[in-house]
Amino acid sequence: MTADSGTHTGREGTHPPVSPRSPELVLCAVDEPLATAWTTAAKAMTTGASPRAGGFATRTPQRGVAGRVRVHRGSVLDVVAQAVVSPANSYGWMRGGIDAVYARAFPGVEQHVRSAVLAFHGGELPIGEAVIVATGEAEPAWLISAPTMREPGELLPPDTVHPYLAARAVFLKWRDGELDHGPVRESVETIAMPGLGTGIGGVDPATCARQVAAAWDDVFGNRHPR
């Protein structure tokens, strides 16, 4: 598959107005610290709490957000979803952590990601951007690559905001992105997301969870009319 046949970054700047609905987000964890952090975040995301660095501050729930987030204790590949999230590096190498799991499960997907990164971003996908590529499987049919680190194996600092930037890129890709046959949101209803930077990157699970919740709130909270 080439970068022109199902491997797209989406055209965020040219989309028509869309519904405020959000995808179903499944937060996946194979270890208890991340599962606990995801559970706290999911509760905030579905009840209208606003995530901030020190915790969650209560606010009025936003229509279109509640009821669309759940936690799965187990592998991201066990979830029935149309898309999975790859917390990759900026060059699209998929040799460690969950990315290596994806590369084994979906032969050729690493090359699809690298082709997309080269075609649409000159070989380096900036943190805060995402590409969506076909997995070659019926389900999940799509993989959304959103880097949490520039270099493979990079240890992230305690004050990193990369999980927020990666999660926001994923949610914007769902909301605004385009595939050959139409909007991403018409092909993807459920997104399965592992920890972002919590493995090789060393990000604290609670930090990751708060930042993912903040990104969800910023994209789907309906506080900023489009």
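**Notebook: pocket, cores and selected residues**

I looked up the lining of the largest pocket and found that its largest share, 4 residues, comes from α2. The model I am reading is a predicted one.

**Entry 1. The pocket**

I recorded a volume of about 530 Å³ for the largest pocket. I then listed its lining, which comprises 31 residues; Pro87, Gly97, Ile98, Gly195 and Gly199 are the closest to the pocket centre. I noted that β1 and α2 (97–105) each supply at least two residues of this lining. Sorted by class, the lining of the largest pocket holds 16 nonpolar, 12 polar and 3 charged residues.

**Entry 2. The chain overall**

I counted 6 helices and 10 strands in the chain. The chain has 226 residues, and 54% of them count as buried. I also checked how contacts are distributed along the sequence. Among contacts in the chain with a separation of 6 or more, 70% join residues 24 or more positions apart.

**Entry 3. The nonpolar cores**

Which residues of the largest nonpolar core touch the most other members? I found Leu25, Leu27, Met45, Phe171, Ile191, Met193 and Val212, in a core of 45 residues. I next traced the elements behind this core: the strands β1 (24–29), β5 (83–86), β6 (131–134), β7 (142–145) and β10 (190–193), and the helices α1 (32–47), α4 (162–176) and α6 (205–220), each supply at least two of its residues. The helix α6 gives the most to this core, with 9 residues.

I followed Phe171 further. Setting aside neighbours within four places in sequence, I found phenylalanine 171 in contact with Leu25, Met193, Val212, Ala215, Trp216, Val219 and Phe220. Apart from the largest core I noted another, of 18 residues, among them Val76, Ala81, Val84 and Phe106.

**Entry 4. Cysteines**

I searched for disulfides and found 0 in the structure. I then looked up the accessibility of two cysteines. Cysteine 28 has 4% relative accessibility and therefore counts as buried, the cut-off being under 20%. Cysteine 208 is at 0% relative accessibility, so I entered this residue as buried too.

**Entry 5. The Glu139–Pro140 peptide bond**

I examined the peptide bond from glutamate 139 to proline 140 and found that this bond is cis, with omega near -5°. For context I noted that most peptide bonds are trans. Proline 140 lies in the loop between β6 and β7, and I placed glutamate 139 in the loop between β6 and β7 as well.

Is glutamate 139 buried, partly exposed or exposed? Its relative accessible area is 44%, so I entered glutamate 139 as partly exposed, the class between under 20% and over 50%. Not counting residues up to four places away in sequence, glutamate 139 touches Val80, Ala81 and Gln82. I also took the C-alpha to C-alpha distance from glutamate 139 to valine 79, which is 9.7 Å for a pair 60 residues apart in sequence. Of the residues touched by glutamate 139, I had met Ala81 before, as a member of the core of 18 residues.

**Entry 6. Three further loop residues**

I located alanine 130 in the loop between α3 (109–121) and β6. Alanine 130 counts as buried because its relative accessibility is 4%. Its C-alpha atom is separated by 7.6 Å from that of alanine 166, and the two residues are 36 residues apart along the chain.

I found glycine 108 in the loop between α2 and α3. With 38% relative accessibility, glycine 108 counts as partly exposed. Between the C-alpha atoms of glycine 108 and threonine 135 I noted a separation of 7.8 Å, for residues 27 residues apart along the chain.

Where is histidine 181 placed? I found histidine 181 in the loop between β8 (178–179) and β9 (182–183). Why does histidine 181 count as exposed? Its relative accessibility is 53%, and exposed means over 50%, so histidine 181 falls in that class. Leaving out residues up to four places away in sequence, I recorded that histidine 181 touches Trp142 and Ser187.

How values were computed. Residues are numbered from 1 along each chain as its sequence is written. This is a predicted model: local features need pLDDT of at least 70, side-chain atom pairs count only at pLDDT 80 or more; totals for chains, interfaces and linings use all residues. Side-chain values use heavy atoms; hydrogens and water are left out. A nonpolar core is a set of buried Ala, Val, Leu, Ile, Met, Phe, Trp, Tyr and Cys residues joined through side-chain atoms within 4.5 Å. Buried means under 20% relative accessible area, exposed over 50%, partly exposed in between (1.4 Å probe, protein chains only). Contact means heavy atoms within 4.5 Å. On a 1 Å grid over the protein atoms alone, a cavity is a set of points where a 1.4 Å probe fits but cannot get out, and a pocket is an open set with protein on both sides within 12 Å along at least five of seven lines; lining residues have an atom within 4 Å of a point. Grid points are joined across faces, edges and corners, and a volume is the space filled by probe spheres set on the points. Ala, Val, Leu, Ile, Met, Phe, Trp, Tyr, Cys and Pro count as nonpolar, Asp, Glu, Lys and Arg as charged, and the others, Gly among them, as polar. A disulfide is a pair of cysteine sulfur atoms within 2.5 Å.
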